[in-house]
Amino acid sequence: MTKEHPILETEGLTIRFGGHVAVDQVSCAFDRGTLTAIVGPNGAGKTTYFNLISGQLRASGGTVILNGEEITRMSVPERTKRGIGRAFQLTSLFPTLNVRENVRLVAQAKASKGFDMLSMASRHVHLIERAEHVLNEVRLIDQADSVVSALPHGDQRKLEVALLIALGPQVLMFDEPTAGMSVDEVPVILELIRKLKNDMDRTILLVEHKMDVIRSLADRIIVLHNGALVADGDPAEVIALPVVQEAYLGKTPEAA
Ligand SMILES: Nc1ncnc2c1ncn2[C@@H]1O[C@H](COP(=O)(O)OP(=O)(O)OP(=O)(O)O)[C@@H](O)[C@H]1O
């Protein structure tokens with residue numbers, strides 16, 4: 001069997017802010033059905049690298065390729081349409097609407113291409129069913145009638161994941177998904193990401209500082225430092241690298 005081409009690639013991806021090179025010639029390929037954690041010290045360029053992939057920032061140089069198509073100069077909506085989904089873009093889409101309506105609206109936006117083929121009524125039923133399915137998947141069904149702005153923080157984060165799933169992206173990007181969560185909320189989000197990962201069609205990129213989260217989820221770790229890719233490989237091997245332990249995570253191997 002021939003190997004599939006990577007779903008996502010960056011080639012020499014670079015961005016400069018004035019004289020500062022925040023992402024420096026990063027070349028990396030991501031295979032379908034994998035979860036890659038992106039680690040590195042504060043200011044290493046992780047979020048900027050995400051912004052270049054999702055389209056919030058335009059590259060100074062290099063390319064971003066999705067499914068063999070160059071998307072480097074496309075807008076965020078164009079990239080979203082092609083299959084790049086990023087959790088934070090969807091936060092509190094319509095804070096005054098309830099949870100179910102928020103998910104339905106995203107499902108509707110996703111399905112809008114087929115508008116002429118379905119009657120309004122059957123289409124509406126289908127979208128409601130799709131919303132219910134997604135809310136079951138993220139265990140938010142009991143909050144389906146709650147107004148988003150009144151949801152507890154943990155449930156808002158679950159809704160972000162629900163909106164992402166409703167969008168049906170091929171590449172799912174999470175930037176510190178457990179940041180600011182209480183200890184009992186963290187396992188719920190991790191379990192959701194694990195479930196997404198087990199669906200082989202989904203490719204996940206995760207920026208994360210917590211090593212226990214990375215250990216439990218990642219198939220691969222890449223390390224950025226001063227904007228450059230300095231390590232890439234199997235989690236156990238990358239975590240054990242002295243350079244990661246000492247310089248990037250500030251811990252001894254025993255403590256990490
Ligand atoms: N819009 C911008 N204008 C100028 N400098 C920027 C901009 N965005 C990011 N930077 C700089 O680029 C570098 C990389 O920042 P980035 O936020 O990507 O790091 P990070 O690895 O995500 O850090 P953290 O772990 O703290 O979130 C930093 O030096 C930051 O100050």
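The ligand is surrounded by Phe17, Ala22, Gly40, Asn42, Gly43, Ala44, Gly45, Lys46, Thr47 and Thr48. A residue counts as near a molecule if its C-beta atom, placed from the backbone, lies within 6 Å of it. Bear in mind that this is a predicted model: local features need pLDDT of at least 70, side-chain atom pairs count only at pLDDT 80 or more, and totals for chains, interfaces and linings use all residues. Residues are numbered from 1 along each chain as its sequence is written.

By type, this shell has three nonpolar residues, six polar and one charged. Here Ala, Val, Leu, Ile, Met, Phe, Trp, Tyr, Cys and Pro count as nonpolar, Asp, Glu, Lys and Arg as charged, and the others, Gly among them, as polar.

Which helix gives the largest share of the shell around the ligand? That is α1, residues 46-54, with three residues. Helices (H or I, at least four residues) and strands (E, at least two) are DSSP runs, numbered from the N terminus.

Now α1 itself. Eight of its nine residues are buried, so the helix is largely enclosed by the rest of the structure. Buried means that 20 or more other C-beta atoms lie within 10 Å of the residue's own; exposed means 12 or fewer, and partly exposed is in between, with C-beta atoms placed from the backbone. The buried residues are Lys46, Thr48, Tyr49, Phe50, Asn51, Leu52, Ile53 and Ser54. After α1 comes Gly55, with a positive phi near 105°.

On to backbone angles. Most residues other than glycine have a negative phi. Gln25 is not a glycine, yet its phi is positive, about 55°. Gln25 sits in strand β2, residues 20-30. Is Gln25 buried or partly exposed? Gln25 is partly exposed, because it has 15 other C-beta atoms within 10 Å.

Asn226 is not a glycine either, and has a positive phi of about 50°. Asn226 lies in the loop between β9 (220-225) and β10 (228-233). With 15 C-beta neighbours inside 10 Å, Asn226 is partly exposed.

Last, the domains. The assignment gives domain 1 (1-83 + 170-256) and domain 2 (93-168); such bounds come from an automatic or database domain assignment. Nine residues of domain 1 and seven residues of domain 2 make the contact, where two residues are in contact if their C-beta atoms, placed from the backbone, lie within 7 Å. On the domain 1 side, helix α6 (residues 186-198) supplies the largest share, three residues. That side divides into six nonpolar residues, two polar and one charged.
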